[in-house]
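Q: Could you take me through one part of this structure up close? I'd like to see how a single helix sits among its neighbours.

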Amino acid sequence: MTTPMLSNHYLKTGAMTTETQEERQYVRDFPLKELLGCLNYIAITCRPDIAYAVSYLAGFQADPTKLVCQAVHRLMRYLLQTHDMKLTRRIYTVTSSNV
């Protein structure tokens, strides 16, 4: 998986879809807000590559669908597969040889 979100993948709110009762129950039981909060923290602190995906998915919190939940799962799988990517900070010291 090379991207945190599918391209040309447009999600809809629950009011715009015809989901079954089982799918609606799955969405109600899915911890969407908690996961998006954690993903937002990760995006701010060390993984800016997922910031757009998290922001886009957060727009569906009010009326999510099963596709939104699957997109969050994809984002979490992306993080697992790219766990070695992170921001690093280097501290440079000025010495007489650097000048």
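A: Here's a walk along helix 4 and the helices around it, with a stop at one residue of helix 2 at the end. Keep in mind that this is a predicted model.

Let's start with the helix itself. Helix 4 covers residues 66-81, which is 16 residues. From first C-alpha to last, helix 4 reaches 23 Å, close to the 22 Å expected at 1.5 Å a residue.

Now, which residues of helix 4 are buried? They are Val68, Cys69, Ala71, Val72, Arg74, Leu75, Tyr78 and Leu79. A handy bit of background: an α-helix has 3.6 residues a turn, so residues three or four places apart point the same way. The buried residues of helix 4 pack against helix 1 (21-29), helix 2 (32-45) and helix 3 (51-58).

Let's zoom in on one of those partners. The axes of helix 3 and helix 4 come within 11 Å and cross at roughly 160°. Because angles over 145 degrees count as roughly antiparallel, that makes helix 3 roughly antiparallel to helix 4. Their crossing is left-handed. On the helix 3 side, the contact is made by Ala53, Val54 and Leu57, while helix 4 brings Val68, Ala71, Val72 and Leu75. Sorted by class, that's 7 nonpolar residues, with no polar and no charged ones.

Last stop: Ala43, which is found in helix 2. Is Ala43 buried or exposed? Its relative accessible area is 7%, and buried means under 20%, so Ala43 is buried. Leaving out residues up to four places away in sequence, Ala43 touches Pro48, Ile50 and Ala51.

Notes. Residues are numbered from 1 along each chain as its sequence is written. This is a predicted model: local features need pLDDT of at least 70, side-chain atom pairs count only at pLDDT 80 or more; totals for chains, interfaces and linings use all residues. Side-chain values use heavy atoms; hydrogens and water are left out. Helices (H or I, at least four residues) and strands (E, at least two) are DSSP runs, numbered from the N terminus. The expected span of a helix is 1.5 Å times one less than its number of residues. Buried means under 20% relative accessible area, exposed over 50%, partly exposed in between (1.4 Å probe, protein chains only). Contact means heavy atoms within 4.5 Å. Axes are lines fitted to C-alpha atoms, for helices over the stretch in contact, and angles run from 0 to 180 degrees between N-to-C directions. Angles under 35 degrees count as roughly parallel, over 145 as roughly antiparallel, 65 to 115 as roughly perpendicular and the rest as oblique. A crossing is left-handed if the near helix is turned anticlockwise from the far one by less than a right angle, and right-handed if clockwise. Ala, Val, Leu, Ile, Met, Phe, Trp, Tyr, Cys and Pro count as nonpolar, Asp, Glu, Lys and Arg as charged, and the others, Gly among them, as polar.
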